[in-house]
Every structure is written in C-alpha cells, then in structure tokens.
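This report looks at aromatic rings, at how they pair, and at the charged groups that sit over them.

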Amino acid sequence: MDEIIKSYPQRLALLLLKWFCPGSLFETIEGDLIEQYEIDTREVGERRAKRRLIWNSLKFFRPGIISEYKFRFTARKPDFIKIRTINFKNANNLTGWIVFGIALTTYSLTVEETASFWDCTEFIASSYKLQVPHPPGAPLFLLLGRFFSFFAFGDHTKVAYAVNMLSAIASAFTILFLFWSIVLFGRKLIDASKSVLLLEEKKWLLLISGVVGSLAYAFSDSFWFSAVEAEVYAMSSLSTAVVVWCILKWDSIEEESKASRWLILIAYIVGLSIGVHLLNLLTLPALALVYYFKKFKPSKWGILCALIVSGVLVLFINDLIIPGLPTLAGYFELFFVNTVGLFFGSGAIVFALTLISVLVYAIRITQKRNFALLNTFFLAFTFILLGYGSYTTVIIRSNFNTPINEGAPKDVMSFVSYLKREQYGSRPLLFGPYFTADPIGIKYGAPTYVKGKDRYEVGGRRLSLEYSRQDETILPRAWNPDFADDYKSIIGLQAGQRPNFTQNMYYMFKHQIGTMYMRYLMWNFAGRESDEQGADWFRPTHWFKKLPTTMAANAARNNYFMIPFILGLIGMFYQYVKDTRNFYVLGLLFLMLGVAIVVYLNSPPTEPRERDYIYVGSYYAFSFWIGMAMIAIADTFNRTVKNRKVLLIATSIIGLAAPTIMVMQGWDDHDRSNRFFSVDSAANTLNSCDPNGILFTGGDNDTFPLWYAQETEDCHNDMRVLVLSYCNSDWYIDQTTQQENQSKPFSYTVGAKEYKRIGDYLSYSDLKINTIDAKQYLELLAKNHPGLTNGDQKIIPSKIITIDIDEKQILAKGIIPKGMEGFLVKQMQLKLLKNVLEKRDLVFLDLLVTTNWERPIYLNPTSMAQLNVDLKPYAVQEGNVYRILPVKNPRTDRDYLVNTEKGYELMIDQFKYRGLDDSTIYYTNDYAIQVLNHRSNLNSLAEALIDKGEIEKASRVLLFSLNKMPDSTIPYDPSSPDTVSLLFKVGQKQKAVELAKVVANRANEVASFLISDGNTNSYELRKNIFLLGAMQRNLFENGEEVLAKNFEESYTGLISRLQGTNRVPSPN
Amino acid sequence: MGKEYLGELEELILTMVGLLQEDAYGNAIIKEIREQVNRNVSLAAAHVTLYRLEGKGYIKSHVGGATKTRGGRRKRIFTITSAGLSVLRAMKEDRIKLWKLVPQLRSN
C-alpha cells in the first residue's frame, strides 16, 4: 500500500483493518479495497475516493470478520471444532459472567466499609492524594485507587470504601478469567483423556468444572480476605489470571503473526503488573512451558531448556529491567552531572533518549529483515517498559513533597534505592551465615549518592557484615540472629550449639515450607481452626472434638471437611496421568507462586502477622485441579454409572459441595461490614492531642492508620505524626523542615544539614561527666565540636541529659494540668537506657528543647518503648497518648501521671467506639488489641480518679468501658484483672464478681482444654493461666474468699497437670 | 435443521458468483450487482456474505496469482460448489412454484 496510498489517514484505516482482520484474509481484502480506490479515483476523483476508502475499510469492523470467521482457521482437533460451536461459546461466556456476578456480589456484600488494618490505610491515603508509600511502591495500584476514589463523590469518609471496591472488582474479574482458563485447560484434558462421553456431556462437564474451580477459589480464605480490602494482592491476582488466560488464547491460535499479538499483550500486562506487585513475574516459567509445548516437540532436555530460558527471563526482568535500567540511568546521571557538569536530570534525559532510539531502531530493523522472533522480543520488551512506565509517577509525586513521601525518591539516585527497597535491608538467599555466626568485619560496598547543591555527593556506603567462612553455608535458612531462641526451639538446639546443614534444611521444610506455607494451603482448602495467630489447619482428628465454648464460637473456625482439598488432589492426579504436559504447566505455576516464594523470602521463625495472602497465586493454580476433578470423576465412573444424566448430576453435586461449604463456613469471618474501629481508634489517638502538636509513633503499623485519618478523612491535620524509626534517615529529617498540611515546619538546634554528618549512632563515652545539658550538647553538635568526636563517630559524654525549666514561664503558658503544679520540676533529668543514642533520639531531644514547650509533644506506647532515653517519669497520659511535660511522677506504684480532667472529657465524651457493642460484627485480633489499649487506658483513668478520691466518676468510667466494649463483641482480655480490682474499689462489688467469674471460668476451661490437647507451650495457654491466677488474687484481696478458693483449686490443678508434662509456663 | 435458509443478499451474491465464474472476487461482484440490479453493496458486506456462504459450503475460495494492479495484492477468487448450484436451483423452483400459486391479476 505504500506506493499507492500515500496519505496518512487512509494508511491508518488499513492498518486498523490489519489489526482486527484475520491475517489469512487481510491481503485479499486489502487488494479489493485498493482496487475499489483506483476505480473511485477514476470515477469520482481522488478526494472522494480517499474518503470512501476509509469508510470501506471501517465497514469491515463487523462480527463476520472479527470473530466468527476465524474458527475455521484455528480449529485443530475434531472435538475442538465441535466444542467451539457458537452454542458453546455463548454458554461459556454466560456462565463466566454468572460466576463473575456471584463473586462480585459476595465481595460487595462483605467488603470493608472503611480502611482495614496494616498497609491498607497507607495505600488508601496514598491513593487518595497520590502520595509515595513504602518501597517499592505500587504506582499503578495507586493510580487506579485514585480513580476509584472519585466515586466517593467528595465524601472523604467513603474514599476507603471506594478504593476497597477496586479490590472487589479486580477479584471478581480474576474469577471470570479463572473460569475461562479452567475451561480451556479442561478442554485439553478432555481431548487428551480420549473420553467416550458425548459432545453435549463434555460441554456440560467443562462448564461445571469451570464453575466449581473458580468458585472454590472465589471463596477460599486468603483470596477472599484480599478481595475485600485495599491491598495490592487482588490486583496482582488479576494480572496473573489475565496472563494465564492470554497464553491459552495464544496457544489456541495457529497463525503466527496473530498469535504473537497475545505475547505482546502478555508483555504489556507483565509490565503493568510491576506497578502493582512483582509476584506476577513468577508466572513466566509456566507461560514459557506452554510456549515450548506448542512450538517444539517436547523432550526432557527441551523442557529443562525451556525452564532455564524462562528463569533467565524472570531474572532479566526482575534484576535487569526493573532496577537495572534506573541504575544505568543513575550512571549516566552521575557522569553528566558530576563529570561533565550539566544540570540535574541531564543524564537521565540522555539515557531515556538513547533507550528509545535503540528500541525504535531495533524494532524497525527486525521488521525489515523479517526477524519475526527478534521483532516480537523487542516489541515485548518495549511493552514491558510502557507498562513499567507507571513508576514515573513515583518521582513526579515525590517532587511535590507530598506528606507521605517514604524514601523521598525525587531523583534517579534515591529512586533506585526506593525500587530496591534498600530501606529494609536484605536477606541472604544462596550463601550466608547461620544465626549463630559472629561478624568478623565490616565490608564497605558501593557508595550511595545524594543530591547536593549542583552535583551528587557521596552520602555513605552500603555496609555489610563479614563472617568467617566456616560459619557460612549455601542456602542459609536459619540466619537471623534476632530470632536465635525461636530457631533453637524449632530445630531443637542446645544453647551455644551451631546448626548443621541437615538442621538448616529441617528448618526450611518444617517451618518455612510446613508451617509458613502448607498450613496456609490447608487453611484454604481443608479449613482452619481459628483466627488466632498461629492457628493450625483443621485436621480430621479435630473434626468432632468438643471445644470450650469461646473457641468453638470463633467465627474463623472453618471446617471444609477437606472436600476442596481432596477434589484438588483428584484433579491433579488425573491431569498428571492423562495430560502430563499441561500438568507440568499448572504444577510449575503452583510451585513458583508457592514454594518458590517461600524459599526466596527466607522467612524468620516469627512474623508480625500471618502471611497466607502472599501465596494466593499457588491457591489459584490449585483451584484448576479442583475444577478438573469433575472431568476425572465423570470419566472414571462413566462405565459404572450407566445413566449419563445421573452421572453428570452426581458429579456436579459433589463438585458444587466444595464452594458451597466454603462460602457457608467462610461468610461470617470474611464479612467486614459495619466495622469502623480501625479508623475510630486512629481518630481517637489524633484527637487526644492538642492543636499544632507533634506525635511520635513507633513504626509503620501504628502510624499508617493515623496517616489515613489525617490524609483521607482530614482528621486533625494540624498535627504532625512523626515516625520515630524513620527519624534515623536524613530524608525524613529533611521532610520535617517543610510545612505539611496545616502543620508548620520544624526548626532544629542541630539543623537538618548537620544531621547528615552525624552517623546512625552516638555511643556513650565515659568522660566522667555526671550530667550534660541537652541544649548545650545540641549546640556543640551543631558546631561539629571536636570534643564530641571519637574517630569518625559522635559521642554522648554522659548518661544523664538534663533540660532546665523556667517554672514561671511554664506556668504562664498554662500547659500544666490542673493539680499537677506541685509536680513541676526545675530540671528534667533524662536517663540513657542503653550505652547509645540513636539519631532518632537526638531528633526527639532536639525538638523537645528547640520547641521550648510552644508545641505540645506526645509519645504513643510504641515510640515510648523505642526511645533510648527514659521519658516515663515525665509522661502524662491524656486519652490514648502521653504528653511530655516538665512534671515528674512522684509515685513509683503508678506507671504514669494521668490528666484526669482531659482524659475523662476525651475518652468518655469525645472518643468514638462505633459498633463495639454490636455482637453481630466480626472482630479480629487486630481489633482486640486496639480494644485492649482503650480498656487499659480507661482503667488508668479510673485508677487516677480513685487516687484523687473521685470515686463516683471512676465508677462511671469503668461502667462506660464495660458498656461500650462488652465481652459479647470482644472477649475480656488481660486488662480485665485490673478492671475487676478497680470495680471492687469503687464499690461495684456485684459487677466485679460477675466479671471475675466470667473471665476465670473461661480461662480455666480454655487452659484445661489446651493442656489436654498437648498445646502446652502456646501464648494462649500462658495468657489464660495468667488470667486465672490474677482473678484469684483479686478475689482474695477483696474478700471473696470462697470464690477465690475455688479458682485457686482450678489454678493448682492446671499447674500440676502441666508439671506432669514437664512444662510450666513462665508467669508472663 | 431441514433445508438451509438463504438470505436475500446471500442469494444475490451466490448468483453473482455463479454468473461471474472464474472472475468472481470482491470488486467484480459488487460491480456486477450494481450493473445488473442497480444496487450498491459495500465491499465489507459482500465479503462477510461470501465467507458466510463459504462456511455453509455453497462456495469455495482460493487465492489467485499476483496482480500488477491493486498494489500487487492477490485476489480471493470464489467459485460456486455443486451444493451451491443445487440450492440456487431449489430456490428458483420454490419461487416458481409459489409464484404459480399466487392468484394472477387480470389485465383490465
């Protein structure tokens, strides 16, 4: 067409035609169009002929061309043609959409209405204002989340719900694609099994296996969990499901050039999925196998080669494209800025232009020379990059200094370290030390660069510890010294004993693969015991066991009677026997998205939460087999059961039993309706603070909900939430010197620039100085005083840091709570808790001194515990937080001073406790922890009121606590013994006894069960024995001797039974 | 299904394929239709109908040799099959039969 049709729109029209038209038809159709154009040119002139050409081409965009005709070209095997009738196609589409509808309805009904715990709060806040969350980020997820947040229509309390719906919809689509994929794989299985069933029966079987498999996945524990909250795993599952479906489409198309388009689409989706989660890369080996089976005559060595090539491909994307290209851009940047002296960004621009030109050239030349494979490769590469392009938003948004700006990836250099998650450190994979190894030296790695005034400056060097060769091993699994005790108890080591390689492997199989993966797999397809951390899967030996009422009532106690699991095994076995090739494909998918991740993550013995959601990909693969069990069963019994109708109906009923039991068991513990306390507790914490305050938090998990409340719901955003653990990083200190929402910038005595010069630690050096004044110390540091330097490290010369207080000035400010004037001190004396001061402690001290009591400064329990200086004596509890004030707690039997007036107003009148008294709502342990905090804080308030003699008010506080957070929604917890003793003190004897009985009886029942169950070392057991003992003491002290005696007997009974097992738990 | 149903355009185009014999391809067919019955059929419609007829087995197609005109693109030549011929014949007979059953108008 080049020579005839010169003008662009006409060529475009023909190009478009080429895209949708079956390749075998294109040439002749194009010929007809050109001939018509020539005729028209003669008859009506060139201009009108051109217009007609466009019209004529566009008219080809119709069903007869784009869909139906291609059947005749793709059909391969006889059954293929027959099954691919229009009739089946419609049924397949319709059933798929019905399954989609079921999934979407389920997720819409059970979706969380506000922000969920953990990272969800951060993701929602980051989506809503397009901010920069923790590395490596999820820019595409955030962009889509932003789009979904528009559907809140300006009501910022609905934003979380809208973003959660992104997951719900993505998950429903995952189910749709899974359904279609099961049918496609099922068709291959039916073909391969040479089934004697009739065509109509096969069609029915295919549909039913799709329904059973996809619904089983839809209602599986972990997938459902991720489908109803704003995490990346739902979107990530969707991309997995789409690429698998795409490769099956590719597989079913004979014609090369058309099929290759599917490969390029896969590349684009893989690229896009990088902007959600890297998990998707792990599907590539399975896809490669599909490719290999279609293109080559399979052999053992061939399969091995295919796997190696695909492994290389994964590494190519994971290690070369994702971090490699930005790193390369970093080298360019360094060269052009530091060596040539050009402006910032010049290197990156040159790099981008070079890359684009190379790709354009490569695509053109391979097209001209007809190198189809290379051409496809370069196109795919380009499309991966296009998908990956969502990452540019990270740099763009970071440069707007968004309030959430983790790692501040503003330039190429910091972007690379953001991508590589350098903030988190790394875990050894192939080679490294055992946890018992002592480092013998420090290895300095490549320098890190930070943006200076007009060039990049060396910010520091990456450090790694060196170990002696004999302490190192290949595949170190027990490596993390922080968890030494846990490793020892799992492996069974004595103190000081080093694990050998067998024990190392034992740990991998027993703990990493067993507990941290197989247990989760069984949760999903066999059932789980409860939602307590560490809960086992539902073993058949436990099916009919009688449990204490509280344990039996756990909503997450789900027994599937192993039905889905057994079906999966049947399908797996049948596919292995009948259709071995495709069994390898699914098997690889199953392993790569399951065990391979386990091995890669090299997880330590304890994790802050259950990690089942990471492995959803392998449960996805397993669900194919659940579906295929239908074909297996029908095919196996078609001789025994003569009546085919009966056979098919019976098979369907057996199959549908799996998703049915899963949804029935799973509904109550996946239904997140009406829960708001994740957000209410965050708002309560923020509202505990005065305007313009600074609140220190410990780390991610106690901070993210506060960020959410501030950024999304505009709660108290004059407050500055400062993450203490981030304060060790220079980028974070830099950020605090900027305005953030309504919160004014900080100023420091040391100054943000000088902080960069101070290393991570300032160690104590004994210079025989008793105390050092904080202000002086900071000023000396600011001046880089040589007396405070030891080698290249700064020191702290005293173990007591003092802050002088101008009492008059403080009283004039009116910040001392009423009644605490007498506790005001002339000088605060802060003790060093260890022989070291971290940079973050310095930042805290600096703010305390420099703000000079103009801005209120607060700590929450976690940041209090992290500080290396003892602030406890100067902390005044106000609601959920501790305000630091120059008053000293005079009592040693009280942990903190309590501002009773403010506390009462906050906790009783202002705090929100939505839904905590509604026993129909399902609350997990995450909520129980927040409730425990609130109950304890109310207890402290009541105690302080009693100390002041305000008995009646204290009584009101305690009853309020019992009413707002009753046992029926969140069972009494370790705060209850205190509540009981306080109830006695305020004269609520009846309530106290009632509560004590409930707690003690329950504790006795549960502990007794756990001991008889052989569960003698669990946290649950320790907790319940503690509760029982504490209640007994309480009752005894308060004159309830009969009851106390009763519980004492139970207590000693438990202990003697435990001694029988030789395991007496420590009191805590 | 009993006798295959043939749409009006299908019938017209099938006839044209029969009529044009060795020279039945897209442009020629619509040109012939314009000349014979003065009706404009778009290329796309003609092609879709041709493929449908091919699917039903009434015509078959092969790709012709290279040409100098039409940008060197080859033609897809359609030829009528015996099934196609018999269905045309059957339809013609049906029509005639029906026509005979219609009460004829008398002239004046």
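## Charges over rings

A charge is taken to sit over a ring if NZ of Lys or CZ of Arg is within 6 Å of the ring centre and within 35 degrees of the ring normal. In this predicted model, local features need pLDDT of at least 70 and side-chain atom pairs count only at pLDDT 80 or more, whereas totals for chains, interfaces and linings use all residues. Residues are numbered from 1 along each chain as its sequence is written, and side-chain values use heavy atoms, with hydrogens and water left out.

The ring of A:F400 has the charged end of A:R397 over it, 5.2 Å from the ring centre, while the face of A:F225 is covered by A:R672 at 4.5 Å from the ring centre.

## Aromatic pairs

Rings of Phe, Tyr and Trp (its six-membered ring) pair if their centres lie within 6.5 Å, with planes under 30 degrees apart counted as stacked, over 60 as edge-to-face and the rest as tilted. Over all chains, this rule gives 66 aromatic pairs. The pair of A:F100 and A:F173 is tilted, because the ring centres are 4.7 Å apart and the planes stand at 50°.

Burial is graded by relative accessible area: buried means under 20%, exposed over 50%, and partly exposed in between (1.4 Å probe, protein chains only). A:F100 is buried at 11%, whereas A:F173, at 27%, is partly exposed. A further tilted pair joins A:F911 and A:Y913, at 6.3 Å centre to centre and 50° between the planes, and both of these residues are buried.

## A ring cluster

Ring pairs also link a cluster whose members include A:F525, A:F565, A:Y576, A:Y619 and A:W625.

How values were computed. Chains are lettered from A and ligands numbered from 1 in the order in which they are written.
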